[in-house]
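Hi,

Here is the structure I promised to pass on. Have a look at it first, and then read my notes underneath.

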Amino acid sequence: MSLKLGEVAPDFKAETSKGLINFHSWLGDSWGVLFSHPADFTPVCTTELGTVSNLQDEFTKRNVKTIALSVDSLESHFKWIDDINETQNTIVDFPIIADPNFEVANLYEMIHPNSSDKFTVRSVFIIGTDKKIKLTLTYPASTGRNFDEILRVIDSLKLTADYSVATPANWIQGEKVVIIPSVSDELALEKFPKGFETIKPYLRLTEQPNN
Ligand code: BEZ
């Protein structure tokens with residue numbers, strides 16, 4: 001049984017490179033991005049952690065906390081962080097969970113035995129301020145993730161939570177959005193005073209409402 005969108009993200013207590021954390025308390029009123037990687041001292045993971053570290057201002061701006069996980073030990077994480085800082089021109093300041101007994105990895109089903117029974121795959125969970133799972137992603141070990149895409153999804157999640165819109169393919173901040181089908185044309189005129197363009201009755205574009 002995999003974790004589904006809309007479910008409460010399982011809570012846990014874990015040792016991290018920033019101390020012992022209780023996940024839900026640590027999240028507080030922030031959004032969260034929990035992401036696993038296969039192992040410390042591996043090349044793709046090193047670039048991923050460096051990228052997330054260098055994007056911290058972007059995550060903070062969006063009220064998002066990031067937390068990484070691998071099944072390596074805390075001692076290993078501390079040594080590896082030195083390498084990440086050195087090679088990726090950064091200072092890693094977000095927690096990396098040490099999960100040598102696979103407790104969090106199993107809770108979040110980050111082990112895919114037909115890929116590897118020893119390492120976590122590259123999972124991503126975006127968690128809202130209500131502690132519910134808003135997005136899941138699973139990448140293989142061989143493919144580093146695009147964290148600009150994670151930021152883009154967070155922008156879409158926040159916008160679509162507040163307005164009766166959805167974001168079309170490849171949408172980025174500032175571009176037109178679509179009006180959700182449950183909103184009638186009459187109501188759309190009230191909700192979107194700048195108006196909207198009807199391409200098909202089910203495909204109506206409007207300016208990003210919070211821009
Ligand atoms: C890496 O992070 O570079 C990696 C990890 C496991 C398998 C392949 C690549």
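Below is what I found, going from the whole protein to its parts.

One thing before you start: this is a predicted model. The protein has 211 residues, and 45% of them count as buried. Its C-alpha atoms fill a box of roughly 60 × 40 × 30 Å along the principal axes. As for secondary structure, you'll be looking at 7 helices and 11 strands.

The ligand

I'd go to the ligand next. Which residues surround it? They are Pro38, Thr42, Pro43, Val44, Cys45, Arg122 and Ala141. Sorted by character, that shell comes to 5 nonpolar residues, 1 polar and 1 charged. Helix H2, which covers residues 43-54, supplies the largest share of the shell, with 3 residues.

Three polar contacts are worth clicking on:

- Thr42 has a polar side-chain atom 3.0 Å from an oxygen atom of the ligand.
- Pro43 uses its backbone, with an N or O atom 3.2 Å from a ligand oxygen.
- Arg122 has a side-chain N or O atom that sits 3.0 Å from an oxygen of the ligand.

How much of the ligand does the protein bury? On its own the ligand exposes 270 Å², and 72% of that is buried by the protein.

His37 and Thr16

While you're in that part of the chain, find His37, in the loop between strand E3 (31-36) and H2. Is His37 buried or exposed? Its relative accessible area is 0%, so His37 is buried. Try measuring across to Tyr139 as well: the two residues are 102 apart along the chain, yet their C-alpha atoms are separated by 9.5 Å.

Thr16 belongs to strand E1, residues 13-16. Why does Thr16 count as buried? Because its relative accessibility is 1%, and the cut-off for buried is under 20%. The side chain of Thr16 also has polar contacts with the backbone. A polar atom of that side chain lies 2.9 Å from the backbone nitrogen of Lys18. On the oxygen side, the distance from a polar side-chain atom of Thr16 to the backbone oxygen of Gly19 is 2.7 Å.

Helix H6

H6 runs from residue 147 to residue 162, which makes 16 residues. From first C-alpha to last it reaches 23 Å, close to the 22 Å expected at 1.5 Å a residue. At its start, a side-chain oxygen of Asn146 comes within 3.0 Å of the backbone nitrogen of Asp148.

The buried residues of H6 include Phe147, Ile150, Leu151, Ile154 and Leu157. Asp155 and Ser156 are on the buried list too. When you look at how those positions are spaced, keep a general point in mind: an α-helix has 3.6 residues a turn, so residues three or four places apart point the same way.

The sheet

Last comes an open sheet of 4 strands, in the order E8-E9-E11-E10, with antiparallel pairing. Which strands are at the edges? They are E8 (165-166) and E10 (197-200), each of which pairs on one side only. E8 is joined to E9 (residues 177-179) by 2 bridges, and these two strands run antiparallel. To see how they line up, look at Val165, which stands opposite Ile179 in E9.

Have a click around, and let me know if anything in these notes is unclear.

Cheers

Note on methods
Residues numbered from 1 in each chain as written. Predicted model: local features only at pLDDT ≥ 70, side-chain atom pairs only at ≥ 80, totals over all residues. Heavy atoms only, no water. Near = heavy atom within 4 Å. Polar contact = N/O pair within 3.5 Å; in protein donor to acceptor, adjacent residues only side chain to side chain. Areas by Shrake-Rupley, 256 points an atom, 1.4 Å probe, with all protein chains shown as cover. Nonpolar A, V, L, I, M, F, W, Y, C, P; charged D, E, K, R; others polar. Expected span 1.5 Å × (residues − 1). Buried < 20%, exposed > 50% of the residue type's maximum accessible area, 1.4 Å probe, protein only. Pairing = 2+ DSSP bridges.
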